[in-house]
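Here is a guided walk through one protein model. Please look at the sequence and the structure first, then read on.

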Amino acid sequence: MKQVEGSVCSILLVTRFLFIIAVYFLLGCSGKRQVKSDAGGAERRLPGVDSLLLINEITHNFSSVSEEDTFRIYVAGSSITKGEFHFQIITSKNKVIYDESLETTWLLDFDADGDTTENEKENYIRRRIEDFFDEDNFMKPAISASDSYEADYSDKLIWDEIKSDSTSIGFYYLVGKEDGRRIAYSKRSKNVVLYYNCC
């Protein structure tokens with residue numbers, strides 16, 4: 001009887017182990033990877049970054065249609081509300097092609113008055129970091145055939161180049177209340193360009 005129970009337990013353990021391996025394999029092969037976490041202690045470190053508080057990172061096609069870039073946003077500093085956020089895009093060859101940093105208060109797209117608590121501001125910034133790379137913020141092509149050039153919000157040479165590239169991928173993000181930015185990779189200049197900037 002004990003032998004039968006031992007055999008059943010062994011079968012269950014092996015089955016559970018195989019199931020975990022299968023799930024891990026499927027998730028690892030899903031193409032798009034997303035890491036959202038508070039980055040306290042030894043959980044996550046970035047070279048050269050002290051006081052890492054929060055990080056969100058995904059891989060997504062952007063500068064290339066065949067290889068994915070890493071999109072990363074992280075907060076470093078003394079606190080979520082008094083730190084800086086850094087937005088980076090890094091190619092599969094580990095080249096940084098976009099790097100921007102601003103105070104985290106730029107992620108508050110409203111006027112924080114005396115009635116807004118530090119806790120409310122922190123929670124809002126956390127949500128913005130978590131949602132920063134939502135799939136809805138990526139556009140392919142970056143500029144659709146029906147989009148029209150607007151001189152107040154774009155540079156004509158950049159607009160025409162990005163619009164003529166049907167494989168271009170755009171990314172939209174907002175800083176402050178009205179600073180909406182659309183960026184894409186310019187294959188001509190081999191650089192990330194701001195092709196539309198508006199409210």
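The paragraphs below go from the overall layout to single residues.

This is a predicted model, in which local features need pLDDT of at least 70 and side-chain atom pairs count only at pLDDT 80 or more, while totals for chains, interfaces and linings use all residues. Residues are numbered from 1 along each chain as its sequence is written, and side-chain values use heavy atoms, with hydrogens and water left out.

Start with the overall layout. The protein has three helices and nine strands. Helices (H or I, at least four residues) and strands (E, at least two) are DSSP runs, numbered from the N terminus. Along the sequence they follow the pattern α-β-β-β-β-β-α-β-α-β-β-β. Of the 199 residues, 39% are buried. Buried means under 20% relative accessible area, exposed means over 50%, and partly exposed lies in between, using a 1.4 Å probe and protein chains only. Contacts (heavy atoms within 4.5 Å) also link distant parts of the sequence. Among contacts with a separation of 6 or more, 46% are between residues 24 or more positions apart.

Now turn to a sheet. Strands of a sheet pair through backbone hydrogen bonds, either parallel or antiparallel. Here, two strands pair if DSSP finds at least two bridges between them. In what order do the four strands of the open sheet lie? The order is β6-β7-β8-β9, and the pairing is antiparallel. β6 (138-139) and β9 are the edge strands, each pairing on one side only.

Follow the sheet from β6. Two bridges join β6 to β7 (residues 170-175), and these strands run antiparallel. Here F138 has F171 in β7 as its bridge partner. Next, β7 and β8 pair in the antiparallel sense over six bridges. One bridge pair is V175 with D179 in β8. These two strands form a hairpin with three residues between them. In its turn, G176 has a positive phi of about 65 degrees.

The last step goes from β8 to β9. Seven bridges join them, again in an antiparallel run. I183 has L194 in β9 as its bridge partner. This hairpin has four residues between the strands, and K190 takes a positive phi near 55 degrees. Is β8 enclosed or open to the outside? Seven of its eight residues are buried, so β8 is largely enclosed by the rest of the structure.

A helix lies across part of this sheet. α3 crosses β8 and β9, running at about 110 degrees to β9. For such angles, axes are lines fitted to C-alpha atoms, for helices over the stretch in contact, and angles run from 0 to 180 degrees between N-to-C directions. Which residues of α3 (residues 156-164) are buried? They are I158, W159, E161 and I162. Seen down the axis, these buried residues fall within an arc of 170 degrees, so they line one face of the helix. The arc is that of the directions from the helix axis to the C-beta atoms. The buried residues of α3 pack against β8 (179-186) and β9 (191-198). L157 and S164 are exposed, on the face turned away from the buried side. At the N-terminal end, D155 caps α3: one of its side-chain oxygens lies 3.0 Å from the backbone nitrogen of L157.

Helix α2 (residues 118-131) comes earlier in the numbering. Its buried residues are K121, I125, R128 and I129. They cover an arc of only 100 degrees around the axis, which puts them on the same side of α2. They pack against β2 (52-61), β3 (68-76) and β7.

Finally, look at two single residues. H86 sits in strand β4 (residues 84-90). H86 is buried, with a relative accessible area of 16%. Leaving out residues up to four places away in sequence, H86 touches R72, I73, Y74, E100 and S101. The C-alpha atoms of H86 and L102 are separated by 6.8 Å, though these residues are 16 residues apart along the chain. The side chain of H86 also makes a polar contact of 3.5 Å with the side chain of E84. A polar contact is a pair of N or O atoms within 3.5 Å; within protein, one must be able to donate a hydrogen and the other to accept it, and residues adjacent in sequence count only if both atoms are side-chain atoms.

The second residue is T59, in strand β2. T59 is buried, with a relative accessible area of 10%. Its side chain joins that of E68 in a polar contact of 2.9 Å.

Conventions:
Expected span 1.5 Å × (residues − 1).
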